[in-house]
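Thanks for coming, everyone. I'll talk you through one structure today, so have a look at it on the screen first.

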Amino acid sequence: MADQPSTRISSRKRPKQARSNELVQAILQAAVQVLAEEGAQRFTTARVAERAGVSIGSLYQYFPNKAAILFRLQSDEWRQTADLLRRILDDRSQSPLQRLRALVHAFIRSECEEAAVRIALDDAAPLYRDAPEAREAKEEGAPIFGSFMREALPHGTDIARQLASDLIMTTMSTVGKEFSETPRSLTEIEAFADAMADMFCAYIRSIADKGRS
């Protein structure tokens, strides 16, 4: 059955029993494998069902089309990023700049580890990126970073904090994506993350100094 682009990206139903959960997880794991191996252009529900060892009818019980599967993979990735932000930035045992440095290292490592799937998801983004669900899921991490910025820049203005938040998140995401598209050694990853963290920390210090003055 050929897939047609659709704006419907929500799952048909939520699995409630353990067996149903296992089926959905098998479909998602198979989807990751197909996406990494075949790319977004050759990604189909039929290939996913075959890899998962389930009937196409079973797959359609939970996902109405391939866009719904791809959106689930993408929203899971965004949720993991939000969890990463929360876990690191909410750790008050470290100073704000120490947390920012830890976040940069964790984010860049994650980007490099998941590069193949992430690149394929970026290629598939036109299938779901304009849907309301996609915008809501993508923005989940914004309040977490905004709260962190209020702590890191207590004397800064709301405009300065928002600018710093947008600049750091956009730069980390965009530059990290480009960096991860080439296979990197652990040494290269750590050196790159160190340099990016140095840049962000210097930027935060400069805004803090202006705020105090």
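**Helices and salt bridges**

Let me start in the middle of things: the buried residues of α10 pack against α5, α8 and α9. Before I unpack that, please keep in mind that we're looking at a predicted model.

So which residues of α10 are the buried ones? They are I189, A193, M196, A197, F200, C201, I204, I207 and A208. The helix itself runs over residues 186-212, which is 27 residues. From first C-alpha to last, α10 reaches 38 Å, close to the 39 Å expected at 1.5 Å a residue.

Okay, stepping back for the overall picture. The protein chain has 10 helices and 0 strands. Read it along the sequence and you just get α after α, ten times over: α-α-α-α-α-α-α-α-α-α. There are 213 residues in the chain, and 41% of them are buried. Now take the contacts with a separation of 6 or more: 74% of those are between residues 24 or more positions apart.

Next, α5, one of the helices that α10 packs against. α5 covers residues 96-113 and has 18 residues. Its first and last C-alpha atoms are 26 Å apart, close to the expected 26 Å at 1.5 Å a residue. On the buried list for α5 we have R99, L100, L103, V104, H105, A106, F107, I108, E111 and C112. And what covers those buried residues? The cover includes α4, α6, α8, α9 and α10.

Let's zoom in on one of those neighbours, α9, residues 158-180. The axes of α5 and α9 come within 9 Å and cross at roughly 35°. The crossing is right-handed. From the α5 side, the contact is made by L100, L103, V104, F107, I108, E111 and C112. From the α9 side, you've got I168, M172, S173, G176, K177, F179 and S180. Sort the residues of that contact by type and you get 9 nonpolar, 3 polar and 2 charged.

Now for the charged pairs. As general background, side chains of opposite charge can pair when their charged atoms come close. In this structure there are 14 salt bridges, and I'll pick out a few.

First up, E151 and R99, whose side chains meet in a salt bridge at 2.6 Å, N to O. This pair links distant parts of the chain: E151 is in helix α8, R99 is in α5, and they're 52 residues apart. Is R99 buried or exposed? R99 has a relative accessible area of 1%, and the cut-off for buried is under 20%, so R99 counts as buried. E151, on the other hand, is partly exposed at 26%.

Then there's R79 with D76, where the closest N and O atoms are 3.1 Å apart. Where do these two sit relative to each other? They are 3 residues apart in helix α4, residues 66-89, so about one helical turn separates them. R79 is partly exposed, with 38% relative accessibility. This pair also belongs to something bigger than a pair: R72, D76 and R79 are linked in a network of salt bridges.

One more bridge, between the side chains of E38 and R42, at 2.9 Å, N to O. Both ends are partly exposed: E38 has a relative accessible area of 31%, and R42 comes in at 44%.

Last, two individual residues that you might like to click on. V32 lies in helix α1, residues 18-38, and is partly exposed at 31%. Leaving out residues up to four places away in sequence, V32 touches L73 and V117. V32 and A116 are 84 residues apart in sequence, yet their C-alpha atoms are 9.5 Å apart in space.

The other one is Q74, over in helix α4. At 5% relative accessibility, Q74 counts as buried. Which residues does Q74 contact, leaving aside neighbours within four places in sequence? Those are L121 and Y128.

To wrap up, then: we have a predicted model with 10 helices and 0 strands, a right-handed crossing of α5 and α9, and 14 salt bridges, among them the pair of E151 and buried R99. Happy to go back to any of those on the screen.

How values were computed
Residues numbered from 1 in each chain as written. Predicted model: local features only at pLDDT ≥ 70, side-chain atom pairs only at ≥ 80, totals over all residues. Heavy atoms only, no water. Salt bridge = Lys/Arg side-chain N within 4 Å of Asp/Glu carboxyl O. Buried < 20%, exposed > 50% of the residue type's maximum accessible area, 1.4 Å probe, protein only. Helix = DSSP H or I, 4+ residues; strand = E, 2+ residues; numbered from the N terminus. Axes fitted to C-alpha atoms, helices over the stretch in contact; angles between N-to-C directions. Left-handed = near helix turned anticlockwise from the far one by under 90°. Contact = heavy atoms within 4.5 Å. Nonpolar A, V, L, I, M, F, W, Y, C, P; charged D, E, K, R; others polar. Expected span 1.5 Å × (residues − 1).
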